[in-house]
Amino acid sequence: MLNASTRAVGLLAILLTVGRPDRLSAQGFLSKFSYDNLKPSALQVDLGPVGGNNIRGALTGGLRLDYGFIAPHVRVLLGVSYYKADFSAAARARFARQLDSVVNPGTQDTINLGRITWSDVTGDVDLQYVLPQGRAVTTYLGIGLGAHVRHGSGPAIEGTFVQDALNSITAGLNGTIGTEVGAKRWRFVLEARGVLSSGVSTVALRSGVAYRWAGRRDQARGTGK
């Protein structure tokens, strides 16, 4: 009886010392993340067409800072972008119907809102998984979160509650797929970017240039571990 108890205590001690396999697996995964290599390493400027479910096509421009690798092949980017687009005809008609139902319910009126534009300033944080395709080509996939500051304007709505209804701050989820071409400091960038957010969801195709001052050895190393 004593020997059995002793063996049980010994087995329990071993299990507590070793830990559960899933815990060890999680710790091994988390150990790949490090803040040691988080530092500004490249600056990107891009421009391209953007379209959305409530706006007409327009141009969007952005500035993005590559902040280094937080894990092997996973880099952090901080970005800001801007576009100003007209309301689509369908969105303007739908908005007019909603206003009519609020202002004069029960009676159908004709509301002419005129031209309405919607501007969007976005600040976002992306995580991109980098897939080197060779010395001169790099492909990446990314996902991120953004904050959208929107402002509506137009001759017929200026200073009214309609403009107030279009002014908003909201969050968004974005996804990217892109390619960098260039073996030295200067890179050509081509990127497709989709954004899902309240009010307007968009798809953009951007091209631009990036200047990378961190060496390729740092890029390939990731966290340096």
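**Exercise 1. The largest pocket**

Task: In this predicted model, determine which helices each supply at least two residues of the lining of the largest pocket, and describe the pocket they help to line.

Solution.
Step 1. The helices that each supply at least two lining residues are H3 and H4. Helix H3 gives the most, with four residues.
Step 2. The space in this pocket amounts to about 200 Å³. Its lining consists of 13 residues, and Asn 54, Phe 87, Trp 118, Leu 166 and Gly 199 are the closest to the centre.
Step 3. Sorted by class, the lining residues are six nonpolar, five polar and two charged.

**Exercise 2. The largest nonpolar core**

Task: State which residues have the most contacts inside the largest nonpolar core, and which elements give two or more residues to this core.

Solution.
Step 1. The largest nonpolar core is made up of 16 residues, and Phe 87 and Leu 166 have the most contacts inside it.
Step 2. Two or more residues of this core come from each of strand S3 (74-86), helix H3 (89-103) and helix H4 (161-166).
Step 3. The contacts of Phe 87 can now be listed. Apart from neighbours within four places in sequence, Phe 87 is in contact with Asn 54, Arg 56, Arg 92, Phe 95, Ile 116, Trp 118 and Leu 166.
Step 4. Two of the names are already familiar from the pocket: Phe 87 and Leu 166 are among the residues closest to its centre.

**Exercise 3. The overall arrangement**

Task: Establish how many helices and strands the protein has, and in what order they run from the N terminus.

Solution.
Step 1. There are five helices and eight strands.
Step 2. Read from the N terminus, their order is α-α-β-β-β-α-β-β-α-β-β-β-α.
Step 3. Among the contacts with a separation of 6 or more, 64% join residues 24 or more positions apart.
Step 4. The protein has 225 residues, of which 38% count as buried. The exposed surface is about 13100 Å², with 65% supplied by carbon and sulfur atoms.

**Exercise 4. The largest cavity**

Task: Find how many residues line the largest cavity and which of them lie nearest its centre; then examine Thr 202.

Solution.
Step 1. The count of cavities of 30 Å³ or more is five, and the largest cavity holds about 170 Å³ of space.
Step 2. This cavity is lined by 19 residues; Ser 81, Thr 122, His 148, Val 195 and Thr 202 lie nearest its centre.
Step 3. At least two lining residues come from each of S3, strand S4 (117-132), strand S5 (137-153), S6, strand S7 (186-197) and strand S8 (202-212).
Step 4. By class, the lining comprises five nonpolar, nine polar and five charged residues.
Step 5. Thr 202 belongs to strand S8. Its relative accessibility is 9%, so Thr 202 counts as buried, the cut-off for this class being under 20%.
Step 6. Residues up to four places away in sequence aside, Thr 202 touches Val 50, Gly 51, Gly 52, Ile 55, Tyr 83, Arg 193, Gly 194 and Val 195.

**Exercise 5. Two residues within strands**

Task: Decide whether Glu 180 is buried or exposed, and do the same for Gly 68; then give the contacts of each residue.

Solution.
Step 1. Glu 180 is located in strand S6 (residues 168-181). Because its relative accessibility is 3%, Glu 180 counts as buried.
Step 2. Leaving out residues up to four places away in sequence, Glu 180 touches Arg 75, Ala 136, Val 137, Thr 138, Tyr 140, Arg 187, Phe 188, Val 189 and Arg 212. Its C-alpha atom is 8.5 Å from that of Ala 210, a residue 30 positions away along the chain.
Step 3. Gly 68 is part of strand S2. With a relative accessible area of 4%, Gly 68 is likewise buried.
Step 4. With residues up to four places away in sequence not counted, Gly 68 touches Asn 37, Leu 38, Lys 39, Ser 41, Val 74, Arg 75 and Val 76. The C-alpha atoms of Gly 68 and Lys 39 are 5.4 Å apart, although 29 residues separate the two along the chain.
Step 5. Arg 75 is in contact with Glu 180 and also with Gly 68.

**Exercise 6. A residue with positive phi**

Task: Describe the phi angle of His 73 and the place of this residue in the chain.

Solution.
Step 1. Most residues other than glycine have a negative phi.
Step 2. His 73 is not a glycine, yet its phi is positive, at about 70 degrees.
Step 3. His 73 lies in the loop between strand S2 (58-71) and S3.
Step 4. The relative accessibility of His 73 is 33%, and therefore His 73 counts as partly exposed.

Methods:
Residues are numbered from 1 along each chain as its sequence is written. This is a predicted model: local features need pLDDT of at least 70, side-chain atom pairs count only at pLDDT 80 or more; totals for chains, interfaces and linings use all residues. Side-chain values use heavy atoms; hydrogens and water are left out. A nonpolar core is a set of buried Ala, Val, Leu, Ile, Met, Phe, Trp, Tyr and Cys residues joined through side-chain atoms within 4.5 Å. Buried means under 20% relative accessible area, exposed over 50%, partly exposed in between (1.4 Å probe, protein chains only). Contact means heavy atoms within 4.5 Å. Accessible areas come from the Shrake-Rupley method with a 1.4 Å probe; for residues, only the protein chains shown count as cover. On a 1 Å grid over the protein atoms alone, a cavity is a set of points where a 1.4 Å probe fits but cannot get out, and a pocket is an open set with protein on both sides within 12 Å along at least five of seven lines; lining residues have an atom within 4 Å of a point. Grid points are joined across faces, edges and corners, and a volume is the space filled by probe spheres set on the points. Ala, Val, Leu, Ile, Met, Phe, Trp, Tyr, Cys and Pro count as nonpolar, Asp, Glu, Lys and Arg as charged, and the others, Gly among them, as polar.
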